[in-house]
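Biologist: Could you take me closely through a single part of this model, the surroundings of one bound ligand together with the elements that frame it? I would value one connected account rather than a list.

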Amino acid sequence: MSFFKIKVPFGLILWGIFNNHCKMPHFPKLLVVKIGSNVLTNPEGKPDLARMESIARQVAELKAKGIKIVLVSSGAVAFGRKEIQLHEKTEAVLKKQIWASVGQVELIHTYKTLFAQHHLAVSQILVTKEDFRDRRHYLNMRNCILGLLQQGIIPIVNENDTVAITELMFTDNDELASLTSSMINADSLVILSNVDGIYEGPPSEPNSKLIPIIGSRLEDIGQFISPVKSSFGRGGMLTKSSMARKAADLGIRVWIANGKRDNILLDIWEEKAPSTFFEPKSSKHSPKKWLAHGDQYFKGEVTVNDGARLALFSEKISSLLPVGIIQVKGEFSKGDIILILDEKGKKLGLGKAEYASSLIQERIGLKNQKPFIHYDYLYLIQNA
Ligand SMILES: Nc1ncnc2c1ncn2[C@@H]1O[C@H](COP(=O)(O)OP(=O)(O)O)[C@@H](O)[C@H]1O
Ligand SMILES: N[C@@H](CCC(=O)OP(=O)(O)O)C(=O)O
């Protein structure tokens, strides 16, 4: 047969295999999609129903492939603002609370209607920072989301904006999405915004190029990012990129992409759409993921002596024992997140307390005591 007589250079075959492999869709198994307010609204700030319809269709298509999906959706304030006119003298925080409270109903109702067209049920999960601080709340939340996924329901998470004001607030929903991804052990996170990803300069400048991949080595991308935000955005691109980096450091594949592009959630897996991809580091087990996000969630502090510091960072697996602790600050219970400092006040890591503050106060510096932080619940800050 003449077909077999055609000589194809070996290099070309290898290129073909490699190229085909690269084009193979790398579908996720458990995916978190964060949808920014600007994706869900048009330039006048009104709900963009066609966009939401398109997102619901794409999510339904991914679900039909067996992918489990959690949505972290902003939009409550933007939806509420269009429903209720408030006097301009109304206090800013109260305004946000009223709009979020009214708008969340409309937001979820819209999702419910749109997903029902694909015979899919949705659920609402409203959370505050406090729920990530307390390990019991954290585990309850995780069990609930995993239970919903098991039932084929799409959990839709948002910040509880009526309760979460000032210090209870997440920086923005990018932080919530990153925390949620690590909490449920998602393998992928897609952050949808109104730009294709991170640019080497302000995206409005014609010379700014999109950065397609950000490597797992610490790269200072902050230098590229201007503090510009879209009309409804809260944190801007800087928190988006630092939260993306944090999730990627925990082994999660993260993309920042443009939710305004048709079919973005389907095209991203086949590299058919522009985006910024954050290369993941090797995966960490779940308690360490919870702790890795704990830098703003700790309830107390312990200062350790030099011997304990060296033991924690040595090759040998070591828990933190009371004998190495020289000072304890704050009131906390067993199970709370604790910040670990060295004698100079430098942050060494975070861990889960095995004793309440009253008990560890009594055991400071004592030998032959149960670990205060067990190694399995210890997250050390590298380069500390
Ligand atoms: N280097 C950059 N690359 C991309 N976007 C940037 C950059 N610097 C600032 N931005 C701004 O960040 C905005 C996205 O962040 P944000 O307003 O918080 O969006 P969202 O509502 O989707 O969370 C973009 O619309 C863009 O104007
Ligand atoms: N929880 C708020 C969203 C706050 C927020 O982070 O917004 P965005 O930067 O658009 O993701 C809301 O639902 O309006």
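**Around ligand 2**

Modeller: Asn173 has its place in helix α9, and that residue makes a convenient point of entry, with the caution that the model is a predicted one. The relative accessibility of Asn173 is 7%, so it counts as buried, the limit for that word being under 20%. The helix around it is much the same story, since α9, which spans residues 173-183, is mostly covered, with eleven of its eleven residues buried. Among the buried residues of α9 are Asp174, Glu175, Ser178, Thr180, Ser181 and Ser182, as well as Leu176, Ala177, Leu179 and Met183. At the start of α9, the side chain of Asp172 places an oxygen within 2.9 Å of the backbone nitrogen of Asp174. Beyond the helix comes Asn185, a residue with a positive phi, near 65 degrees.

Asn173 also appears in a record: the unreviewed UniProt entry carries a "binding site" annotation that covers Ser74, Asp161 and Asn173. These residues are spread over 100 residues of sequence, yet they cluster in space, the largest C-alpha distance being 10.9 Å. Asp161 belongs to the loop between β4 (154-159) and α9, and because its relative accessibility is 6%, Asp161 too counts as buried.

Two of the annotated residues come up again when one turns to the ligand itself, for Ser74 and Asp161 are listed with Lys34, Ser37 and Asn158 as the closest of the 13 residues that surround ligand 2. By character, that shell divides into seven polar, four charged and two nonpolar residues. Several polar approaches can be described atom by atom. The side chain of Ser37 brings a polar atom to 2.7 Å from an oxygen atom of ligand 2, while an N or O atom in the side chain of Asn158 lies 2.8 Å from an oxygen atom of the ligand. With Gly75 it is the backbone that takes part, a polar atom there being 3.1 Å from an oxygen atom of ligand 2. Taken alone, ligand 2 would expose 380 Å², and the protein buries 96% of that area.

Lys34, one of the closest residues to ligand 2, leads on to strand β1. This strand covers residues 30-35, and because six of its six residues are buried, β1 is largely enclosed by the rest of the structure. In a regular strand, side chains alternate between the two faces of the sheet. Here both faces of β1 are covered: Lys34 shares one side with Leu30 and Val32, whereas Leu31, Val33 and Ile35 lie on the other, and all of them are buried.

The partners of β1 complete the picture. With strand β2 (residues 68-73), β1 pairs in the parallel sense over six bridges, and in that pairing Lys34 stands opposite Val72. Strand β5 (residues 188-193) also runs parallel to β1, joined to it by five bridges, and there the residue opposite Lys34 is Ile191. Lys34 can thus be placed on the strand side of this account, facing Val72 in β2 and Ile191 in β5, while it is also listed among the closest residues to ligand 2.

Technical notes
Residues numbered from 1 in each chain as written. Chains lettered and ligands numbered in written order. Predicted model: local features only at pLDDT ≥ 70, side-chain atom pairs only at ≥ 80, totals over all residues. Heavy atoms only, no water. Buried < 20%, exposed > 50% of the residue type's maximum accessible area, 1.4 Å probe, protein only. Helix = DSSP H or I, 4+ residues; strand = E, 2+ residues; numbered from the N terminus. Polar contact = N/O pair within 3.5 Å; in protein donor to acceptor, adjacent residues only side chain to side chain. Near = heavy atom within 4 Å. Areas by Shrake-Rupley, 256 points an atom, 1.4 Å probe, with all protein chains shown as cover. Nonpolar A, V, L, I, M, F, W, Y, C, P; charged D, E, K, R; others polar. Pairing = 2+ DSSP bridges. UniProt positions renumbered as here; feature names shortened; annotations may be inferred.
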